[in-house]
Amino acid sequence: AINMDLELDVLGASGLLTTSGNWNANNTTALAASYAWGDTSGNASNSGANSDPIADLQARIIASAQRINGWMMNPRVALCFLSHPKVRDFMRQWYGDAAAQQMARQVADVNMDAGAIDFTLPLLGSFRINTGRVESNAAGTTTDYIMPDVVIGVTQPPGVPTNGERIATAYNFRRKGPAGVGFYTREVRFDARGAGGTLIIVEEASIPTMTSGICGGMIADVLQ
């Protein structure tokens, strides 16, 4: 539950990385309707006449002050991305037909998998399909993906930076707490309700922080 709350803060609607105002103006773009990758139902056949997902990603790579090595998108965007003819041509150039079809099937079957799906494309980097869902209306009868229909590119240097030559797009600064791992749990006997039982208390304190608005990038209005 805490991890889902953090994901909402960072990748949810109006989250840390999904808010265009948190980025340098040169590092974020909103696609016009004719450049959309597909419609809001995840149908790539309704993509804009001028759409070119590969060119959109390459433009964000060029605009970034540091090399983008990771991309994030929800399954709806990923389906349009992997189904787009120009993306399929790009994958076919490197992998051939069989591998391209396998990647598309993996994302299509994402609800059958408990975890996220990753794949890599040459020259572009790794892709993470964020599958988390939350209730999207007050009645709790509808769910939708935590991540909106945007694409986020991030820079993630390995380890902890020790000089000013490398920087990450964002970090989550977390207090280690008594357990030294960032999470602290304890149990309390609670008899005030029902038959009584054990109340489990989980504590976590962190501040997701955007450390650079010029490293990485965002593409908004991907589906229209």
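**Exercise 1. How many residues stand between β9 and β10 in their hairpin, and which residue in the turn has a positive phi?**

Solution. The coordinates belong to a predicted model.

Step 1. Locate the two strands: β9 covers residues 184-190 and β10 covers residues 197-203.

Step 2. Establish the pairing. The two strands run in the antiparallel sense and are joined over seven bridges. As one point of register, T185 is placed opposite V202 of β10.

Step 3. Examine the turn. Six residues separate β9 from β10 in the hairpin, and G194 in the turn adopts a positive phi of about 55 degrees.

**Exercise 2. Describe the overall dimensions, secondary structure and surface of the protein chain.**

Solution.

Step 1. Count the elements: the chain contains five helices and twelve strands.

Step 2. Take the extents. The C-alpha trace spans about 65 × 45 × 35 Å along its principal axes.

Step 3. Consider burial and surface. Of the 224 residues, 39% are buried. The accessible surface of the chain amounts to about 12100 Å², of which carbon and sulfur atoms supply 51%.

Step 4. Consider contact order. When contacts between residues at least 6 apart in sequence are taken, 67% of them join residues at least 24 apart.

**Exercise 3. Determine where the buried residues of helix α2 lie around its axis.**

Solution.

Step 1. List the buried positions. Helix α2 comprises residues 53-63, and its buried residues are P53, I54, D56, L57 and R60.

Step 2. Project down the axis. The buried residues of α2 fall within an arc of 165 degrees, and therefore they line one face of the helix.

**Exercise 4. Analyse the salt bridge between R76 and D149 and place it in its network.**

Solution.

Step 1. Recall the principle: side chains of opposite charge can pair when their charged atoms come close.

Step 2. Apply the distance criterion. The closest N and O atoms of R76 and D149 are 3.1 Å apart, and a salt bridge requires such atoms to lie within 4 Å.

Step 3. Map the partners. R76 belongs to helix α3 (residues 75-83), whereas D149 sits in the loop between β6 (143-145) and β7 (151-154); the pair links distant parts of the chain, 73 residues apart.

Step 4. Check the environment and the neighbours. R76 and D149 are both buried. Together with D144, they are linked in a network of salt bridges.

**Exercise 5. Contrast the settings of two further pairs among the eight salt bridges of the structure.**

Solution.

Step 1. Treat D118 and R128, whose side chains form a salt bridge with an N to O distance of 2.4 Å. Because D118 is in strand β3 (residues 117-121) and R128 is in strand β4 (residues 125-129), the bridge ties together parts ten residues apart in sequence.

Step 2. Classify these partners. D118 has a relative accessible area of 44% and so is partly exposed; R128, at 37%, is also partly exposed.

Step 3. Treat D191 and R189, whose closest N and O atoms lie 2.9 Å apart in a salt bridge. Both D191 and R189 are exposed.

**Exercise 6. Characterise the surface patch that contains W94.**

Solution.

Step 1. Identify the members. W94, Y95 and L123 make up a nonpolar surface patch, with about 360 Å² of accessible area together.

Step 2. Position W94 in the fold: this residue is part of helix α4, residues 85-95.

Step 3. Classify W94. Its relative accessibility is 41%, so W94 counts as partly exposed. The partly exposed class lies between the limits of 20% and 50%.

Technical notes
Residues numbered from 1 in each chain as written. Predicted model: local features only at pLDDT ≥ 70, side-chain atom pairs only at ≥ 80, totals over all residues. Heavy atoms only, no water. Patch = residues over 30% accessible without salt bridge, like charges linked within 9 Å, V, L, I, M, F, W, Y side chains within 5 Å. Areas by Shrake-Rupley, 256 points an atom, 1.4 Å probe, with all protein chains shown as cover. Helix = DSSP H or I, 4+ residues; strand = E, 2+ residues; numbered from the N terminus. Buried < 20%, exposed > 50% of the residue type's maximum accessible area, 1.4 Å probe, protein only. Arc of directions from axis to C-beta. Contact = heavy atoms within 4.5 Å. Pairing = 2+ DSSP bridges.
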